Amino acid sequence: MADAICRVLRDGALEGEHATSLTINDSVDSPFGPIVFDYIFTQLSSFISSGKSQSRGIVLVAFSRSPSFTVELLKSRGIDIATTHEWLRILDCYTDPLGWKERLKERGAIKTPSTEASLIVNLCKDVRNLDGLFSLIIALGKGLVGEGKSRFSVAIDSVSEMLRHTSLSSVASLLSNARSHAQISSVFWLHHFDLHDMKTNAAFEYMSSMVANVKPLATATNVLRENSENLSLLEQNYKRGQFHASLKRRNGRVRIMCEEFSIGQSLVKFTSMSARKNETAQSLVPKVQFNLQLSDKERSDRAKVVLPFEHQETEKSVQIYDGRKSETEGKYDSSTEKLQKQEDSRRGEIIYFRDSDDEMPDSDEDPDDDLDI
Amino acid sequence: MDRPASLLDEALSLDDGDSNNLRPWRGRVVLVEDCVETNGAFVLHHLIKRFISPNLSSSDSVVIFVAFAQPFSHYDRILRKMGCNLAVQRENKRLIFFDMLMLECPDDGVEGGIIALYGNIQKAVEVVSSLNKNVTIMIDDISLLEVAANGSTKDVLDFMHYCHTLTTQFGCTIITVIHEDIYSSGDQFTLPLQMEHLADIKIKAEPLVTGLAADVHGQLTVLNKGRSDGLGRWKSKIRNFHYRVKENSVDYFYPGGRS
């Protein structure tokens, strides 16, 4: 399913539509947003570098990790570094986002920061100016794919950092400008949703055509406080997690999917939820003395039980014991018509006489008030 | 190293391997969270000693200590009881001490205060790194840094971000302390949560759930988030144990592991 998301990002935007956009949400309980972001970034990169995607290049806006990290990442995933200059640009908002280092350098307080200035890395020294940042992104993208109809993708790591420097409205305007730009094929960003209020989270979800939530397996927030037995459970949260994704269609239909992921040797692996469901359910439920689940035999026995009224659908006669001994009990095999006739003649009747006409049937008066006790 | 590794060292992966045992720590951010009832300062003292201690085989490590909470003499007295002479280490340039007790940022911004402090730290890091030594930056504590920054959370986070760039550029380790209970939990976008996102290792000191006890002073929970990078992957682990602070040392033991 994570691959489904990658494919949608790869296919990009239709002519005259907004670019596809993806929000990756994570929280401190399951801090794997960056890893999922890396996964999607590398997948998309390999699509782009092999020319399989709509976009011809990708611009990474790096706020929370250094460009050297990204280069290492691509290397470790077996993507050819030699060709990166053809399809990758990194806008480095990590090394000196507020221009402190530059000011200190001017004053001679520190030496030249060894920024990895290269063909693909561009330094941004004032991230508070989002208009400047946006035009920088567009300029880098156009530098990659040229003017015209070719498109490029934009990856932002992360918008939580952007929100620290500016307001929500300016970040939102940057994202919506990026989405509606004719040369942008897809945009995706990372977002730590527990750092922001509901309003902010909702704003980002409205602006994205796909939302991916990284959630912990066990949602016990105060597990730590309880006992050490739960520690191993909590430890699982730092190895595995749930991946919920919703894909919004153009007509407003939303497809929701669930997957589980586990963190292996520096790689993230996605497995379908159903395959692991039983296993995790059993490992998450504390040991109890009674069965919470049915065995196969119990399950098949349960399927055989005929529930009351169930036979009405199967055109058999009604067999409900009404408390009276039926004469027809012995000769049940006779035709049902005869049986019904007999029952008609034996049908009971309740004859009810009202006590008096002046008293309404359900008056509030206490029926027992004339009793002399 | 003749003494047995304590539970804390084990939880922090400080005990594996004799040589280069600070190597897994390079580029990490460590957050010590404490509260009023259980002061986490002893964890910091332990780490100072661990990182500065001359009998480490990788003795080329330097600690840059940014003190907002206590004067030098305070740390010196405590560490001396633990068998580590800070004054000597300071003369040997193994400890670089920034006394920030009097730091006040000008009202008009962070220009003079925090940027200048960052400049001093980076300058020190540049000098030490050129000698090919491991650098550990310790900040005691973030909450008082926030006070010095006139209560501006944003400035503190900017400062921390810049310190974080030193971890990738020079491979520094950052160790910080934050008092968790002075921040209201209902308030979103708070400093502890931001710091937690930034940290690779969280050490939390808190009182026992069952209340006060005479021979247990509190419990420590060490959350070691795994992280993958060029130096290889660190497995994530969580440890929880009790501690008792004694005059010259601290005992660590598993719950119920002491009669």
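**View 1. The area buried between chain A and chain B is about 3,900 Å².** Carbon and sulfur atoms give 59% of that area. On the chain A side, Trp100(A), Arg164(A) and Leu195(A) lose the most area to chain B, together accounting for 21% of what that side buries. Buried area here is the accessible area (1.4 Å probe) that two parts lose on being put together, summed over both. Please keep in mind that this is a predicted model, in which local features need pLDDT of at least 70 and side-chain atom pairs count only at pLDDT 80 or more, while totals for chains, interfaces and linings use all residues. Residues are numbered from 1 along each chain as its sequence is written, chains are lettered from A and ligands numbered from 1 in the order in which they are written, and side-chain values use heavy atoms, leaving out hydrogens and water.

**View 2. Residues and pairs where chain A meets chain B.** Here 44 residues of chain A are in contact (heavy atoms within 4.5 Å) with 38 residues of chain B. One salt bridge is counted between the two chains, a salt bridge being a side-chain nitrogen of Lys or Arg within 4 Å of a carboxyl oxygen of Asp or Glu. Arg164(A) and Asp158(B) form a salt bridge, with their closest N and O atoms 3.0 Å apart. Glu161(A), Arg164(A), Lys154(B) and Asp158(B) are linked in a network of salt bridges. There are also 12 residue pairs in polar contact between chain A and chain B, both residues being at pLDDT 80 or more. A polar contact is a pair of N or O atoms within 3.5 Å; within protein, one must be able to donate a hydrogen and the other to accept it, and residues adjacent in sequence count only if both atoms are side-chain atoms.

**View 3. A salt bridge between strand β10 and helix α1 of chain B.** Arg239(B) pairs with Glu10(B) in a salt bridge whose closest N and O atoms are 3.3 Å apart. Arg239(B) belongs to strand β10 (residues 237-245) and Glu10(B) to helix α1 (residues 7-11) of chain B, so the pair ties together parts that are 229 residues apart in sequence. Helices (H or I, at least four residues) and strands (E, at least two) are DSSP runs, numbered from the N terminus. Arg239(B) is partly exposed at 21% relative accessible area, and Glu10(B) is partly exposed at 24%. Buried means under 20% relative accessible area, exposed over 50%, and partly exposed in between (1.4 Å probe, protein chains only).

**View 4. Glu33(B) and Lys204(B) meet in a salt bridge.** The N to O distance for this pair is 3.9 Å. Glu33(B) sits in strand β1 (residues 29-34) and Lys204(B) in strand β6 (residues 201-206) of chain B, making a link between distant parts of the chain that are 171 residues apart. Both Glu33(B) and Lys204(B) are buried.

**View 5. A salt bridge within helix α3 of chain B.** The side chains of Asp76(B) and Arg80(B) meet at 2.9 Å, N to O. These two are four residues apart in helix α3 (residues 72-81), which means that Asp76(B) and Arg80(B) are separated by about one helical turn. Asp76(B) is buried, with a relative accessible area of 11%, whereas Arg80(B) is partly exposed at 46%.

**View 6. Helix α8 of chain B is mostly covered.** Six of the eight residues of α8(B) (residues 191-198) are buried. They are Leu191(B), Pro192(B), Gln194(B), Met195(B), Glu196(B) and His197(B). For chain B as a whole, 55% of its 259 residues count as buried.

**View 7. Glu260(A) in strand β9 of chain A.** The strand spans residues 254-263. Glu260(A) counts as buried because its relative accessibility is 1%. Its side chain makes a polar contact with the side chain of Arg240(A) at 3.5 Å.

**View 8. His181(A) in the loop between α8 (168-180) and β6 (184-192) of chain A.** The side chain of His181(A) reaches the backbone nitrogen of Gln183(A) at 3.1 Å. Not counting residues up to four places away in sequence, His181(A) touches Ile138(A) and Lys142(A).

**View 9. Confidence along chain B.** Chain B has a mean pLDDT (the predictor's confidence in each residue, from 0 to 100) of 82, and 83% of its residues reach 70 or more. Among the elements of chain B, strand β5 (residues 173-179) has the highest mean pLDDT, 93, and strand β9 (residues 232-233) the lowest, 50. Where pLDDT is low, the predicted coordinates should not be read in detail.
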